[in-house]
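This report looks at how a ligand is held by its protein, and then at charged pairs elsewhere in the model. Please view the sequence and the structure together while reading.

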Amino acid sequence: MRVLIVGPQGAGKGTQAALLADNLKIPHISTGDIFRANVTAGTELGVLAKKYMDSGELVPDEVTSAMVAARLAEADAGPGFLLDGFPRTVPQAEWLTDLLRSRGQQLDAVLLLDAPDDVLLERMLARGRADDTVEAISRRLALYHSETTPLLEHYADKLVAINGVGAVDEVQQRALTALDR
Ligand code: AMP
């Protein structure tokens, strides 16, 4: 199964994505996690990405898509994958459609995990990640609205939306049900 998980920061996307990938037996591919691993390892990619990440900006498309293409080319992603954090913009989505088409593939579903703003803010302040400064949080939220929301319309025919408020297991069950699993 080839699935995207989309949602505002703080909706519990990382937690749900990891569980969902386990349940569906497909790799969880999170662009944010890959960037963070590169920052920690001090790679060239990490040094480049960090400048953008620290301020909540998007890493340039050519850098991000080269990284995604390399990851999707790995053997474990052949039968399926759960993409988390990519695509975040319509141009990235169009690029992904072309890449998958060249492999004779397409996405099966786009899962939207949503929650009200007050829940999002509360969860973000609780997780304490290095790039969770007030400025970076606000910038990511603004970018989510301007760049990522149009994705939902772009993927209207594949979109399934679930409520992210509730216990982790309960939300996971909603996700599996929404994906018919
Ligand atoms: P995330 O863990 O998804 O919140 O991503 C953390 C940071 O990594 C973002 O604020 C961006 O700087 C960068 N990033 C992750 N995914 C993408 C993407 N699809 N396009 C551009 N930048 C990204």
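## Polar contacts of the ligand

How many Å separate a backbone N or O atom of Glu57 from an oxygen atom of the ligand? In this predicted model, the distance between a backbone N or O atom of Glu57 and that ligand oxygen is 2.6 Å.

Two further contacts involve nitrogen atoms of the ligand: a backbone N or O atom of Val59 lies 3.0 Å from a nitrogen atom of the ligand, while Arg88 places a polar side-chain atom 2.9 Å from a ligand nitrogen. The ligand, taken alone, exposes 480 Å², and the protein buries 95% of that area.

## The shell and the pocket

The ligand is surrounded by 15 residues, of which the closest are Thr31, Arg36, Glu57, Gly85 and Arg88. By residue class, this shell divides into five nonpolar, five polar and five charged residues.

Helix α2, which covers residues 31-41, gives the most to the shell around the ligand, contributing four residues. The space that the ligand takes is the largest pocket.

## Salt bridges

Side chains of opposite charge can pair when their charged atoms come close. The structure holds twelve salt bridges, and one of them joins Lys50 to Asp54, with the closest N and O atoms 2.6 Å apart.

Both residues of this pair belong to helix α3 (residues 44-55), and because Lys50 and Asp54 are four residues apart there, about one helical turn separates them.

Conventions
Residues are numbered from 1 along each chain as its sequence is written. This is a predicted model: local features need pLDDT of at least 70, side-chain atom pairs count only at pLDDT 80 or more; totals for chains, interfaces and linings use all residues. Side-chain values use heavy atoms; hydrogens and water are left out. A residue is near a molecule or strand if one of its heavy atoms lies within 4 Å of it. A polar contact is a pair of N or O atoms within 3.5 Å; within protein, one must be able to donate a hydrogen and the other to accept it, and residues adjacent in sequence count only if both atoms are side-chain atoms. Accessible areas come from the Shrake-Rupley method with a 1.4 Å probe; for residues, only the protein chains shown count as cover. On a 1 Å grid over the protein atoms alone, a cavity is a set of points where a 1.4 Å probe fits but cannot get out, and a pocket is an open set with protein on both sides within 12 Å along at least five of seven lines; lining residues have an atom within 4 Å of a point. A molecule sits in a cavity or pocket if more than half of its atoms lie within 2 Å of its grid points. Helices (H or I, at least four residues) and strands (E, at least two) are DSSP runs, numbered from the N terminus. Ala, Val, Leu, Ile, Met, Phe, Trp, Tyr, Cys and Pro count as nonpolar, Asp, Glu, Lys and Arg as charged, and the others, Gly among them, as polar. A salt bridge is a side-chain nitrogen of Lys or Arg within 4 Å of a carboxyl oxygen of Asp or Glu.
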